[in-house]
Amino acid sequence: MGTPKDQAVLQAIFNPDTPFGDVIGLDLGEEADKEEADEDGVFPRAQLEQSKALELQGVKAAEAGDLKTALERFGQAINLLPQRASAYNNRAQALRLQGDVAGALEDLERALELSRGRGRAARQSFVQRGLLARLQGRDDDARRDFEQAALLGSPFARRQLVLLNPYAALCNRMLADMMGQLRRPGPR
């Protein structure tokens with residue numbers, strides 16, 4: 001079906017006004033695993049494993065629609081290792097899904113502070129904060145966050161930057177109109 005980039009381009013061309021959804025897991029393979037290991041190397045192993053297990057339970061609860069349990073698990077992970085950025089990032093996602101944008105932004109700021117704007121947690125936090133800014137109509141703030149996430153290796157952020165480009169949006173609109181006319185030939 002093509003690469004994710006090809007699919008994103010086609011999506012932008014044929015549906016330029018489609019709202020973007022939640023961040024879908026961006027698996028970068030070995031590089032992401034190494035990055036996470038480097039970030040987590042400073043924490044005691046037993047606490048780290050327990051924290052990761054709590055986060056995993058939280059993610060599964062959130063995916064099942066149980067945001068209360070998800071928030072509890074992320075809170076427990078934060079209490080266990082308050083200097084680890086990942087749990088703040090995950091809790092921000094659950095808070096956003098619950099409608100608590102202010103709480104989500106607070107957790108994203110904390111995750112960015114703890115990660116010093118580097119690594120996987122920072123990349124995900126910049127993407128989430130950029131999505132929130134975009135949903136609030138703050139496109140300049142969104143662009144800055146997506147630029148940071150793109151520099152940290154996020155293909156999703158790169159696609160969002162293309163969509164935020166006013167010239168690209170105009171070209172996409174014109175191309176979509178032309179494709180629509182080609183699909184629906186009628187009297188001219």
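Here is a walk through the structure above, going from the whole chain down to a pair of side chains.

Keep in mind that this is a predicted model. Start with the big picture: the chain has ten helices and zero strands. If you trace along the sequence, you get the pattern α-α-α-α-α-α-α-α-α-α. The chain has 188 residues, and 36% of them count as buried. How do distant parts of the sequence meet? Take the contacts between residues at least 6 apart in sequence: 55% of these join residues at least 24 apart. As for the outside, the accessible surface adds up to about 11,200 Å², and carbon and sulfur atoms account for 55% of that.

Now for some stretches that come with a label. An unreviewed UniProt entry lists residues 51-84 and 85-118 under "repeat: TPR". In the model, residues 51-84 are 79% helix and 0% strand, with 9 Å between the end C-alpha atoms. For residues 85-118, the figures are 85% helix and 0% strand, and here the end C-alpha atoms sit 10 Å apart.

Next, zoom in on helix H3, which runs over residues 45-63. From the first C-alpha to the last, its 19 residues reach 27 Å, close to the 27 Å you'd expect at 1.5 Å a residue. Which residues of H3 are buried? They are Leu48, Ser51, Leu54, Glu55, Gly58 and Ala61. Looking down the axis of H3, you'd find these buried residues within an arc of 150 degrees, so they line one face of the helix. Flip to the other side of H3 and you meet Arg45, Ala46, Lys60 and Glu63, which are exposed. Just past the end of H3 comes Gly65, whose phi is positive, at about 90 degrees.

Let's stay with one of those buried residues, Glu55, and see what it meets. Across from it is Ser86, a residue of helix H5, which covers residues 85-98. The side chains of Ser86 and Glu55 make a polar contact at 2.7 Å. What else does Ser86 touch? Leaving aside residues up to four places away in sequence, Ser86 touches Ala121 as well as Glu55.

Put the pieces together and you can follow a path through the model: Glu55 is buried in H3, its side chain has a polar contact with that of Ser86, and Ser86 belongs to H5. Try finding these residues in the structure as you read.

Terms used:
Residues are numbered from 1 along each chain as its sequence is written. This is a predicted model: local features need pLDDT of at least 70, side-chain atom pairs count only at pLDDT 80 or more; totals for chains, interfaces and linings use all residues. Side-chain values use heavy atoms; hydrogens and water are left out. Helices (H or I, at least four residues) and strands (E, at least two) are DSSP runs, numbered from the N terminus. The expected span of a helix is 1.5 Å times one less than its number of residues. Buried means under 20% relative accessible area, exposed over 50%, partly exposed in between (1.4 Å probe, protein chains only). The arc is that of the directions from the helix axis to the C-beta atoms. A polar contact is a pair of N or O atoms within 3.5 Å; within protein, one must be able to donate a hydrogen and the other to accept it, and residues adjacent in sequence count only if both atoms are side-chain atoms. Contact means heavy atoms within 4.5 Å. Accessible areas come from the Shrake-Rupley method with a 1.4 Å probe; for residues, only the protein chains shown count as cover. UniProt positions are given in the numbering used here, feature names are shortened, and annotations may be inferred rather than shown by experiment.
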